[in-house]
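Student: I would like to learn how to read a structure feature by feature, starting from a single loop and moving on to the sheets and the core. Could we take them in turn?

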Amino acid sequence: MRTLTKLTIALVAVLGMAFTAVGVVSHAPAGAQGAGKTISIKDFQYNPADMKVKVGETVTVTNGDSMPHTVTAKDRSFSVEAPANRQANVTLPQAGSHPYGCTYHPDQHNPASITAS
Ligand SMILES: [Cu+2]
């Protein structure tokens, strides 16, 4: 029984470290500077609401709210989740005008779109 308990504790510790490592790699703290274009989300508002990019360009999504949001194309050509007070990157794979929204709060964000050319 003592051995099983030790194994359980070790397993929990390893899993905890693994999740921590994934979080660090995937999402830089909000406020870290990216080289490209940025969409900021604060109080459910996408800013800027309209953006022009090149196909294949990476856009940084910075979430300043205390809850996660997504930038998800209505046509599903791209989607990314920005955790609370974190940022994430998304790449635009298709040319065209792509209205997008948040899958968690479909009716609470301002209308927004990205046009890729
Ligand atoms: Cu949202």
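Student: Where does proline 48 lie?

Tutor: In this predicted model, proline 48 is placed in the loop between strand 2 and strand 3, and the peptide bond leading into it from asparagine 47 is cis, with omega near 0 degrees.

Student: Which other loop residues deserve a look at their backbone angles, and is aspartate 43 buried or exposed?

Tutor: Aspartate 43, found in the loop between strand 1 and strand 2, has a positive phi of about 50 degrees although it is not a glycine. Aspartate 43 is exposed, since 10 other C-beta atoms lie within 10 Å, and the cut-off for that class is 12 or fewer. Asparagine 85, in the loop between strand 6 and strand 7, also is not a glycine and has a positive phi, of about 55 degrees, but with 16 other C-beta atoms within 10 Å it counts as partly exposed.

Student: How many helices and strands should I expect as I follow the chain?

Tutor: The secondary structure comes to one helix and nine strands, and along the sequence the helix precedes the strands, in the pattern α-β-β-β-β-β-β-β-β-β.

Student: How do I read the way the strands pair, and in what order do four of them form an open sheet?

Tutor: As a general idea, strands of a sheet pair through backbone hydrogen bonds, either parallel or antiparallel. Here four strands form an open sheet in the order 2-1-4-7, with mixed pairing. Strand 2 (45-47) and strand 7 (87-91) stand at the edges with a single partner strand each, so one side of each is left without a neighbour in the sheet. Neighbouring strands of this sheet are turned by 25 degrees against each other on average, direction ignored. Within it, strand 1 (residues 37-42) and strand 4 (residues 58-63) run parallel and are joined by five bridges, one of the details being that lysine 37 has valine 59 as its bridge partner in strand 4.

Student: What lies between strand 5 and strand 6?

Tutor: Those two strands form a hairpin with five residues between them, and in the turn arginine 76 has a positive phi of about 65 degrees. Strand 5 (residues 69-73) and strand 6 (residues 79-82) run antiparallel, joined by four bridges, and valine 71 stands opposite valine 80 in strand 6.

Student: Which strands are joined to strand 9, and which of its side chains are buried?

Tutor: Strand 3 (residues 50-53) runs parallel to strand 9 and is joined to it by four bridges, with valine 53 having alanine 116 as its bridge partner. Strand 8 (residues 96-101) is antiparallel to strand 9, with five bridges, and there tyrosine 100 stands opposite alanine 112. Along strand 9 (residues 112-116) the side chains alternate, so that Ala112, Ile114 and Ala116 point to one face and are buried, whereas Ser113 and Thr115 point to the other and are not.

Student: Which residues have the most contacts inside the largest nonpolar core?

Tutor: In soluble globular proteins, nonpolar side chains tend to be buried together. The largest nonpolar core here has 15 residues, and those with the most contacts inside it are Ile39, Ile41, Val59, Val61, Val71, Val90 and Ile114. Strand 1, strand 4, strand 7 and strand 9 each supply at least two residues of this core, and strand 9 gives the most, with three residues. Leaving aside neighbours within four places in sequence, isoleucine 114 is in contact with Met51, Val53, Val59, Leu92, His98 and Tyr100.

Conventions. Residues are numbered from 1 along each chain as its sequence is written. This is a predicted model: local features need pLDDT of at least 70, side-chain atom pairs count only at pLDDT 80 or more; totals for chains, interfaces and linings use all residues. A residue is buried if 20 or more other C-beta atoms lie within 10 Å of its own, exposed if 12 or fewer, and partly exposed in between; C-beta atoms are placed from the backbone. Two strands pair if DSSP finds at least two bridges between them. Axes are lines fitted to C-alpha atoms, for helices over the stretch in contact, and angles run from 0 to 180 degrees between N-to-C directions. A nonpolar core is a set of buried Ala, Val, Leu, Ile, Met, Phe, Trp, Tyr and Cys residues joined through C-beta atoms within 7 Å. Two residues are in contact if their C-beta atoms, placed from the backbone, lie within 7 Å.
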